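Ready to work through a few exercises on a protein with a ligand? Have the viewer open and try each task before you read its solution.

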Amino acid sequence: MSNQAGETKKNQSKWSSYTTEIYASRRPPQPLGTVVPEDIEKRAKEKLKDYPENFMYGYGNAGINLTSRANRRAYEKFCITPRMLVDATIRDLSVNLFGKTYSAPLLMTPMGCQCLFHPEGEEAPARAAGKLGIPLILICSVDVVGLGWRTHDLDTAFHPFGHGVGTQIASSDPVFMARYGLKPITKTNIGWPYRPEVQEKKIQEGDEEAKTLALIGEEFVKECTGRSYTWEDFRALKKRWGGLLILKGLQHVADVEKAIDYGIDGVVVSTQGGRQVDGAVPALYALERIAKSPKVRAAQQSGKLTLLCDSGIRTGPDIFKALALGAQAILLGRPWLYGMVLAGEAGVEQVIRHTLADLDNTMANAGYPNIADFQGKGEEVLTKLDF
Ligand SMILES: Cc1cc2nc3c(=O)[nH]c(=O)nc-3n(C[C@H](O)[C@H](O)[C@H](O)COP(=O)(O)O)c2cc1C
């Protein structure tokens, strides 16, 4: 067996072993049981029933959920067209992204405020992803001029940033903190679960840490939302940063073409799952249009631009469709968040393994053994429903 074939075999067993282990053990997958998206969402809601605002911060979307629902409907509109009598007994899910080979076309979505959902928020998913070789990425979200119109958070005036929760990027930054004559904070006593009324009480009682975190939180929000960034800012950032620069939240083909002109290395076509502009185009439709641009295609082929996408991806077949429409990898979001709510690190790990085993199974039964057999080939491998 050649080395290359050996690698393929290793990759195949990495993701398909989830299924074989279940059947061999004769018991349901642990710790969650099988992962049905609506089901783990319901169970996560039940688990956080004493902190409904925390749950809603993760589950909720902007406005009246038009884009959130459209994101899912877009996945229903596209159907996979299976091929028969193809040898798909060995699948290879590996992809090359930014010049490096990864064992699957899946990355973790960036999510703020994870400590609202589990005492080990941030750390549990990082450990699970690290164990499986799934990348966590740092991105620049360009779709947040202000928080989306989130009626559930407005209704309860739920604003964790105002108490310095989810603002560690500022409070751990020596330069940011020095502006206020403060030293970076890397550990806090906010504890689990975060409760706004507890932090408020501490502030009223003069608790120094609570007061400092509230100050930093408010200043951070002003920094993020109080000014408009431009393409020229990203040219300057790219020069100073020196590393890869990925923009998240692009939806218009002209913006992605502009990103190429400005030397941006990667873009995530995203609606933040419908959390920003309600009524915005579903991310999958935006991706379809973007990937048809000859300029975008050429940049993808030459390795100048890596095209990623998220928003509404729940299953292996969803990943197949996004890749077929031009994404080179996807970002998985709320499914792993709910896995974390229910079972911490092990829950996140299971959701990732489940989703990739589902993709592996889809590739086997649809007769596409390699990602290259369908990536960017939507016209050939998908059918768009017109009803
Ligand atoms: C609780 C929570 C926090 C998030 N925080 C951020 C963030 O700070 N920056 C960002 O670009 N996207 C953020 N997102 C959006 C995700 O990165 C991703 O785009 C979204 O979850 C995709 O939608 P889906 O989870 O419905 O598939 C957040 C999402 C959730 C659920």
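**Exercise 1. Work out what share of the protein chain counts as buried, and how the chain as a whole is built.**

Step 1: Start with burial. Of the 387 residues in the chain, 41% count as buried. Keep in mind that you're looking at a predicted model.

Step 2: Take stock of the secondary structure. The protein chain has 17 helices and ten strands. Its radius of gyration is 21 Å, close to the 21 Å from the globule rule for 387 residues, so the chain is as compact as a globular protein of that length.

Step 3: Add the dimensions. The C-alpha trace spans about 70 × 55 × 45 Å along its principal axes.

Step 4: Check the contacts. Among those with a separation of 6 or more, 74% are between residues 24 or more positions apart.

**Exercise 2. Find the order of the strands in the six-stranded open sheet, and say which strands stand at its edges.**

Step 1: Read off the order, which is S4-S9-S8-S7-S6-S5, with parallel pairing.

Step 2: Look at the two ends. Strand S4 (106–108) and strand S5 (140–141) each have a single partner strand, so one side of each is left without a neighbour in the sheet.

Step 3: See what packs on the sheet. Helix H12 (residues 253–261) touches strand S6 (246–250) and strand S7 (266–269), and the direction of H12 makes about 170° with that of S6.

**Exercise 3. Trace strand S8 through its pairings and sort its residues by the way they point.**

Step 1: Take the S9 side. S8 (residues 306–309) and S9 (residues 329–332) pair in the parallel sense over two bridges. Cys-309 stands opposite Ile-330 in S9, and Leu-308 has Ala-329 as its bridge partner there.

Step 2: Now the S7 side. S7 and S8 also pair in the parallel sense, over four bridges. Here Val-269 is the residue opposite Cys-309.

Step 3: Recall the usual pattern: in a regular strand, side chains alternate between the two faces of the sheet.

Step 4: Sort the residues. Thr-306 and Leu-308 point one way from S8, while Leu-307 and Cys-309 point the other way, and all are buried.

**Exercise 4. Decide whether Val-256 is buried or exposed, then list its contacts.**

Step 1: Locate Val-256, which lies in helix H12.

Step 2: Count its surroundings. There are 25 other C-beta atoms within 10 Å of Val-256. The cut-off for buried is 20 or more, so Val-256 is buried.

Step 3: List the contacts. Leaving aside neighbours within four places in sequence, Val-256 is in contact with Leu-250, Val-267, Ile-290 and Val-296.

Step 4: For a contrast, try Thr-151. Val-256 and Thr-151 are 105 residues apart in sequence and 30 Å apart in space, C-alpha to C-alpha.

**Exercise 5. Hunt down some unusual backbone geometry.**

Step 1: Set the baseline. Most residues other than glycine have a negative phi, and most peptide bonds are trans.

Step 2: Look for cis bonds. The peptide bond from Gln-30 to Pro-31 is cis, with omega near 5°, and Pro-31 sits in the loop between helix H1 (3–25) and helix H2 (37–47). Another cis bond joins Trp-192 and Pro-193, with omega about -10°; Pro-193 is in the loop between helix H8 (174–178) and helix H9 (196–204).

Step 3: Look for positive phi. Phe-98 has a phi of about 50° and belongs to the loop between strand S2 (95–97) and strand S3 (100–102). With 15 other C-beta atoms within 10 Å, Phe-98 is partly exposed.

Step 4: Do likewise for Cys-113. Its phi is about 60°, and Cys-113 lies in the loop between S4 and helix H5 (123–132). Cys-113 is partly exposed too, with 18 other C-beta atoms within 10 Å.

**Exercise 6. Describe the shell around the ligand: which residues come nearest, and which classes does the shell contain?**

Step 1: Pick out the nearest ones. Of the 19 residues around the ligand, Gly-112, Ser-141, Gly-273, Gly-333 and Arg-334 come nearest.

Step 2: Sort by class. The shell has six nonpolar, ten polar and three charged residues.

Step 3: Ask about the helices. Helix H3 (52–59) and helix H16 (334–366) each supply at least two residues of the shell.

Technical notes
Residues numbered from 1 in each chain as written. Predicted model: local features only at pLDDT ≥ 70, side-chain atom pairs only at ≥ 80, totals over all residues. Near = placed C-beta within 6 Å. Nonpolar A, V, L, I, M, F, W, Y, C, P; charged D, E, K, R; others polar. Rg over C-alpha atoms; globule rule 2.2 N^0.38 Å. Buried ≥ 20, exposed ≤ 12 C-beta atoms within 10 Å, placed from the backbone. Contact = placed C-beta atoms within 7 Å. Pairing = 2+ DSSP bridges. Axes fitted to C-alpha atoms, helices over the stretch in contact; angles between N-to-C directions.
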